[in-house]
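I opened the notebook to look up a handful of local features, one at a time. The entries follow in the order of lookup.

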Amino acid sequence: MKTDKIQAFKRIFAEGDLGDKAYRVVEGSVEISIQENGQKLVLALLGAGEIFGEMAMIESRPRSATARALEPTTIEVIARQDFQQILDEGGEQLVPYLTTIFERLRVTNDRLLVALNKLNELQPE
């Protein structure tokens with residue numbers, strides 16, 4: 001893993017980019033956004049210790065959002081090959097990344113359950 005210093009308002013990656021890296025904010029802040037009907041929709045504001053871009057580290061698909069630094073920001077960068085190597089060596093450094101992935105999956109599952117319950121309430125029996 002390496003660390004990078006990002007200037008304020010600099011884009012880290014763009015929605016649709018191919019990527020194979022994940023990031024952890026060491027210091028500073030990062031905005032995660034998407035374009036929806038020509039408008040920017042901010043999905044998250046991330047600070048120290050928070051992780052983003054983790055899906056690209058695991059699967060080879062285009063980025064689902066854009067990430068940019070909101071201020072001078074230091075990020076830790078982990079590439080897919082580093083992820084695999086660390087996993088092979090025991091993986092302790094990956095715990096924050098895996099924790100984030102599982103937490104986001106839990107939140108998604110909870111949201112789907114709420115949506116399903118609302119849909120069931122709207123459908124007559």
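What follows are my notes on a predicted model.

**Entry 1: the open sheet**

I began with strand order. Which order do the strands of the open sheet take? I read S1-S8-S3-S6, four strands with antiparallel pairing. I then looked up the edges. Strand S1 (2–6) and strand S6 (51–52) are the edge strands, and each pairs on one side only.

Next I checked how S1 is held. Five bridges join S1 to strand S8, residues 73–79, and the two run antiparallel. I picked out one bridge here: lysine 5 has threonine 74 of S8 as its partner.

I moved to the pairing of S3 with S8. How many bridges does that pairing have? I found six, again in the antiparallel sense. One residue I traced was tyrosine 23, whose bridge partner in S8 is valine 77.

**Entry 2: cover on S8**

I wanted the burial of S8. Seven of its seven residues are buried, so I noted the strand as mostly covered. I then split the strand by face. In a regular strand the side chains alternate between the two faces of the sheet. On one side I listed Thr73, Ile75, Val77 and Ala79, and on the other Thr74, Glu76 and Ile78. All of these are buried, and both faces of S8 are covered.

**Entry 3: salt bridges**

How many salt bridges does the structure hold? I count five. I followed some of them.

I took glutamate 76 next, as it had just come up in S8. Glutamate 76 forms a salt bridge with arginine 24, and the closest N and O atoms are 3.3 Å apart. The pair links distant parts of the chain: glutamate 76 sits in strand S8, arginine 24 in strand S3 (residues 21–27), and 52 residues separate them. Are the two partners buried or exposed? Glutamate 76 has a relative accessible area of 14%, so I logged it as buried. Arginine 24 comes out at 23%, so it counts as partly exposed. The cut-off that matters here is 20%, under which a residue is buried.

Lysine 2 and aspartate 4 make another salt bridge, with the closest N and O atoms 3.7 Å apart. Lysine 2 is partly exposed because its relative accessible area is 47%. Aspartate 4 is also partly exposed, at 27%.

Then I looked at glutamate 31. Its salt bridge partner is lysine 40, with 3.0 Å between the closest N and O atoms. Glutamate 31 is at 7% relative accessible area, so it is buried. Lysine 40 is at 44%, so I put it down as partly exposed. Which residues make up the network here? Salt bridges that share partners join Glu31, Lys40 and Arg68 into one network.

**Entry 4: threonine 66**

I looked up threonine 66 in strand S7 (residues 66–69). Its relative accessibility is 18%, so it counts as buried. What does its side chain reach? I found the backbone nitrogen of glutamate 15, at 2.8 Å. I then listed contacts, leaving aside neighbours within four places in sequence. Threonine 66 is in contact with Arg11, Phe13, Ala14, Glu15, Glu31, Ile32 and Ser33. Glu31 on that list also belongs to the salt-bridge network noted above.

**Entry 5: positive phi**

I went on to backbone angles. Phenylalanine 9 is not a glycine, yet has a positive phi of about 70°. Where does phenylalanine 9 lie? I placed it in the loop between S1 and strand S2 (11–13). Its relative accessible area is 56%, so it is exposed.

Asparagine 37 is another residue other than glycine with a positive phi, near 55°. I found it in the loop between strand S4 (30–36) and strand S5 (39–46). Asparagine 37 is exposed because its relative accessibility is 74%.

**Entry 6: a nonpolar patch**

I finished at the surface. Which residues form the nonpolar patch? I noted Leu113, Leu116 and Leu119, with about 270 Å² of accessible area together. I checked leucine 116 on its own. Leucine 116 is found in helix H3, residues 95–122. At 44% relative accessibility, leucine 116 is partly exposed, because the exposed class starts over 50%.

Terms used. Residues numbered from 1 in each chain as written. Predicted model: local features only at pLDDT ≥ 70, side-chain atom pairs only at ≥ 80, totals over all residues. Heavy atoms only, no water. Patch = residues over 30% accessible without salt bridge, like charges linked within 9 Å, V, L, I, M, F, W, Y side chains within 5 Å. Areas by Shrake-Rupley, 256 points an atom, 1.4 Å probe, with all protein chains shown as cover. Salt bridge = Lys/Arg side-chain N within 4 Å of Asp/Glu carboxyl O. Buried < 20%, exposed > 50% of the residue type's maximum accessible area, 1.4 Å probe, protein only. Pairing = 2+ DSSP bridges. Polar contact = N/O pair within 3.5 Å; in protein donor to acceptor, adjacent residues only side chain to side chain. Contact = heavy atoms within 4.5 Å.
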